Every structure is written in C-alpha cells, then in structure tokens.
Amino acid sequence: MRNTAVHRLWESPGALLRYRTGVSLHGHTSCSKEQLSFLGGFRQQFPMIPSVLRLAAHQHRRATGQELDLNRAGWRPPLTPEAAYRIEGSQIRALGLFALVSLSDHDDIGAALALRRRGGVPVSVEWTIPFGATFFHLGVHNLPEADLDELWGALRRYTCVPSKSRLADTLARLHESPDVLIVINHPLWDEAAIGAEAHKAEVESLLSGFGGWIHAAELNGLRSRAENAAVERLAEAWRKPVISGGDRHGAEPNANINLTNARTFAEFAAEVRRDGESTVLYLPQYREPLRLRWLQTVWDIVRSYPEAPEGWREWSDRFFYLCEDGVERSVAEIWKTSRPPFLNQILTAVGVAQYPGFRQALKLLLADQHE
C-alpha cells in the first residue's frame with residue numbers, strides 16, 4: 001500500500017494541516033434502490049427483526065391476500081441528491097477543507113445527473129457485479145461525460161447478463177479513462193451469506209482475474225473495525241491502496257473521508273491510480289458503537305420528513321413492492337395506509353433511542369460490542 005495512510009481525527013488532529021481538500025466517497029440518495037432482503041443478515045444484531053417481518057407479512061396478507069416476498073420488497077434512502085450532497089459537503093467544510101463529493105447509488109446515476117448544474121460533481125455509481133457464487137459492489141467514480149451513455153449501458157448489461165469476458169471488457173474500457181476511479185466496496189462483507197471462507201475465495205478470484213483494473217479497496221464507515229483491519233491486510237497483499245467510503249444511507253454524514261491537495265476529482269483519481277496515494281481520515285462518529293450507528297441509520301430511514309414533498313414524507317412512501325403486474329408501488333399505496341399501527345409502535349420504540357438520555361445508556365450498553 002505504497003503512500004497509503006490511515007488517520008483517526010481524535011488521535012491525529014494535526015493530519016488536517018497538511019491537506020486542503022476532503023473527498024467524500026460512497027454516499028447514497030433517494031435515487032438508490034435498496035433491497036429489503038438484506039435484513040436477514042442483521043438478525044443476530046437486532047433480534048426483533050424476525051418479529052417485525054412476521055408482522056409486515058401479516059399486514060401484507062391482509063391487504064393483498066398474497067404472501068410477502070422479501071425479494072420483491074425494497075426501499076429508497078430518505079435524502080434527495082441535493083440534501084445528500086449538502087450534508088457531505090458541509091461536514092468537510094466544517095473541517096476547514098475544500099469539499100469534493102462523489103455520490104454513488106446502487107446501479108443508478110440519477111443523483112449526479114440531478115446535480116449537474118453545480119458543476120464539478122462526478123458521475124458515479126455503486127455497480128453490482130454478480131460473480132461466481134456471490135456478488136460484489138464496485139464504486140465507479142467519475143464516468144466520462146463524452147462516453148457516458150455507452151459506458152452506462154455496458155455496466156447495466158453486465159449486471160443483467162454477467163460473464164467473465166464481458167466483465168473484463170467493461171473494466172478495461174473504464175480503466176482506459178485516466179479520470180475514472182474503480183474501488184471494490186466493502187470487499188469482505190459477505191452480503192450473499194455464502195460463508196466467510198467461500199466469500200474470501202471469491203474475493204481472491206476477482207482480484208486475481210480482474211485486479212489490474214481495480215484501483216483501490218474500501219475502508220467502509222459502516223463496517224466494523226475488525227473487518228476494515230482485514231481489508232487493510234487484503235489490500236497490502238494485493239498491493240492496492242485503501243480508500244475511504246462512508247456508505248451513508250441515512251442522515252449521518254460519512255464516517256470517513258479522504259484527504260488530498262487535489263482540487264478536482266480527476267486530480268484525486270490520478271493520485272490514487274498513478275501513485276497509490278491515499279490518505280484516509282476516520283471522523284468522530286466512527287468511535288460510536290457500530291450497532292448504535294446502525295440503529296441511528298434505521299431511524300433515519302423510517303422516520304418522517306415533514307419538509308419533504310408529499311408522497312415522500314413517511315417510510316411507507318419510500319418503501320416499495322414489485323407487484324405481480326411488474327409495477328413497483330409504494331407500501332402506502334398497496335396497504336392503503338401510510339401509518340400501519342403495529343409498525344408505528346415499533347418505530348416509536350426505535351425513536352425513543354434518539355433521546356439523549358436513552359442514547360447515552362445505549363452507548364454504554366453497546367460500547368464493548370463494537371469490534
């Protein structure tokens with residue numbers, strides 16, 4: 001990891017003095033389509049999840065006469081592209097730095113397109129790549145405007161019809177542009193639940209066959225310290241720089257950023273690609289117990305946003321279901337109510353954890369559970 005450094009602001013406040021720019025990578029907006037099936041992976045951390053899912057299945061059965069299929073259910077993060085860009089930029093400017101923000105939604109570039117009027121906002125995406133027995137997410141940052149339609153079409157084609165030859169062709173084409181930065185996001189998170197060893201083998205296979213076109217490995221702001229330490233070792237073994245990625249889905253700004261003296265995203269990408277240069281800075285929120293931060297994210301996802309446009313204020317407006325006719329409809333439309341009583345009782349309980357006294361108690365309770 002030549003020229004790679006990792007700092008923690010609470011330990012090394014002086015690290016800021018050597019840099020003039022902060023880079024926020026991997027944040028999600030309302031353009032991102034998230035799958036609800038991922039909840040199964042959090043049963044151990046949040047034992048109430050099975051009960052919530054059973055109640056939701058009961059409500060769905062009452063409303064539609066059909067069984068709830070989690071693979072058809074999903075949600076969108078609450079922040080609009082403008083709000084997400086603002087919260088990330090504000091955090092960096094509060095540190096006295098110039099801000100570069102790259103928003104990367106799941107298989108969607110709508111956020112960057114919506115922010116074009118700002119200028120200097122990279123067109124980026126978190127690209128889903130089915131691979132072997134699992135799938136990975138690659139952060140593809142700063143797609144070139146001149147070839148945007150062609151490259152965006154190639155990314156979508158691979159996700160729909162994957163093959164190793166198509167993956168090689170697509171990555172090679174992306175790599176041809178010196179301004180594009182390709183990052184393997186949370187590489188050691190076994191999202192497909194195939195088992196840690198099997199997942200690690202697939203990571204090794206991906207890097208062995210295609211690592212020449214992958215420029216960095218992500219230290220994820222919403223994954224554990226132990227997992228991120230393992231990513232550092234993985235990156236060292238494959239001679240890749242590590243890079244920040246907050247993975248914000250709620251309203252908490254990213255828990256890590258990159259520090260640089262670059263003034264444009266293209267200059268930053270060149271540093272990482274050409275020199276293996278990357279300085280990661282963890283911010284104070286990363287010190288909080290991880291399960292408490294996950295709980296905060298859940299609250300941000302499900303709470304009301306009175307200032308939002310009508311049809312986006314309640315969680316049931318932002319959660320959707322792929323119906324039998326192939327049309328995605330909001331839960332509010334399907335269930336004929338925006339505030340199902342049983343779920344609102346649960347959400348009220350989650351909301352209580354946001355009060356300072358309860359939050360401090362939870363922080364103490366969970367302090368020894370942050371790996």
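Which residues are linked with E82 in a network of salt bridges? They are R86, R117 and R118. This is a predicted model, and the points below walk you through its sheet, its nonpolar cores, its salt bridges and two of its helices.

**A four-stranded sheet**

- Let's start with an open sheet, in which four strands pair antiparallel in the order β3-β4-β13-β14.
- The strands at the edges are β3 (34–35) and β14 (328–330); each has a single partner strand, so one side of each is left without a neighbour in the sheet.
- Strand β4 covers residues 73–75, and two bridges join β3 to this antiparallel strand.
- If you want to find one of these pairings in the model, look for Q35, whose bridge partner in β4 is G74.

**The nonpolar cores**

- In soluble globular proteins, nonpolar side chains tend to be buried together.
- Here, the largest nonpolar core has 40 residues, and the members that touch the most others are W127, L138, L143, L167, L174 and L206.
- Helix α4 (residues 148–160) is the top contributor to this core, giving five residues.
- L167 is a good place to zoom in: leaving aside residues up to four places away in sequence, L167 touches W127, I129, F131, Y158, L206 and F210.
- There is also a second, separate core of 13 residues, with A56, W75, I334 and W335 among them.

**Salt bridges**

- The structure holds 19 salt bridges, and three of them are described here.
- E82 and R86, from the network in the opening question, meet through their side chains with an N to O distance of 3.9 Å.
- Why are E82 and R86 separated by about one helical turn? Both belong to helix α2 (residues 81–94), and they are four residues apart there, which puts about one turn between them.
- An α-helix has 3.6 residues a turn, so residues three or four places apart point the same way.
- Both partners are partly exposed: E82 has a relative accessibility of 21%, and R86 has 45%.
- Another salt bridge brings together the side chains of R61 and E67, at 3.0 Å from N to O.
- In this pair, R61 is partly exposed, with a relative accessible area of 35%, while E67 counts as exposed at 54%.
- E324 and R72 also form a salt bridge, and their closest N and O atoms are 3.8 Å apart.
- This pair links distant parts of the chain, since the two residues are 252 residues apart. E324 lies in the loop between β13 (319–322) and β14, and R72 lies in the loop between α1 (49–64) and β4.
- E324 is exposed, at 58% relative accessibility, whereas R72 is partly exposed, at 24%.

**Helix α1**

- With 16 residues at 1.5 Å a residue, α1 should span 22 Å, and this agrees with the 22 Å between its end C-alpha atoms.
- Which residues of α1 are buried? They are I49, L53, A56, A57, Q59 and H60.
- Seen down the axis of α1, these buried residues fall within an arc of 165 degrees, so they line one face of the helix.
- R54 and R62 are exposed on the other side of α1.
- One of the buried residues, A56, also belongs to the second nonpolar core.
- After α1 comes G65, which has a positive phi, near 75 degrees.

**Helix α7**

- Helix α7 (residues 225–237) can be checked in a similar way: its 13 residues should span 18 Å, and its end C-alpha atoms are 19 Å apart, which agrees.
- The buried residues of α7 are E227, N228, A230, V231, L234 and A235.
- Their arc, seen down the axis of α7, is within 155 degrees, so these residues line one face of the helix.
- What do the buried residues of α7 pack against? Their partners are α6 (196–210), β9 (216–220), β10 (242–245) and β12 (278–282).
- R233 and A237 are exposed, on the face of α7 turned away from its buried side.
- R239 follows α7 and has a positive phi, near 55 degrees.

Notes: Residues are numbered from 1 along each chain as its sequence is written. This is a predicted model: local features need pLDDT of at least 70, side-chain atom pairs count only at pLDDT 80 or more; totals for chains, interfaces and linings use all residues. Side-chain values use heavy atoms; hydrogens and water are left out. Two strands pair if DSSP finds at least two bridges between them. A nonpolar core is a set of buried Ala, Val, Leu, Ile, Met, Phe, Trp, Tyr and Cys residues joined through side-chain atoms within 4.5 Å. Buried means under 20% relative accessible area, exposed over 50%, partly exposed in between (1.4 Å probe, protein chains only). Contact means heavy atoms within 4.5 Å. A salt bridge is a side-chain nitrogen of Lys or Arg within 4 Å of a carboxyl oxygen of Asp or Glu. The expected span of a helix is 1.5 Å times one less than its number of residues. The arc is that of the directions from the helix axis to the C-beta atoms.
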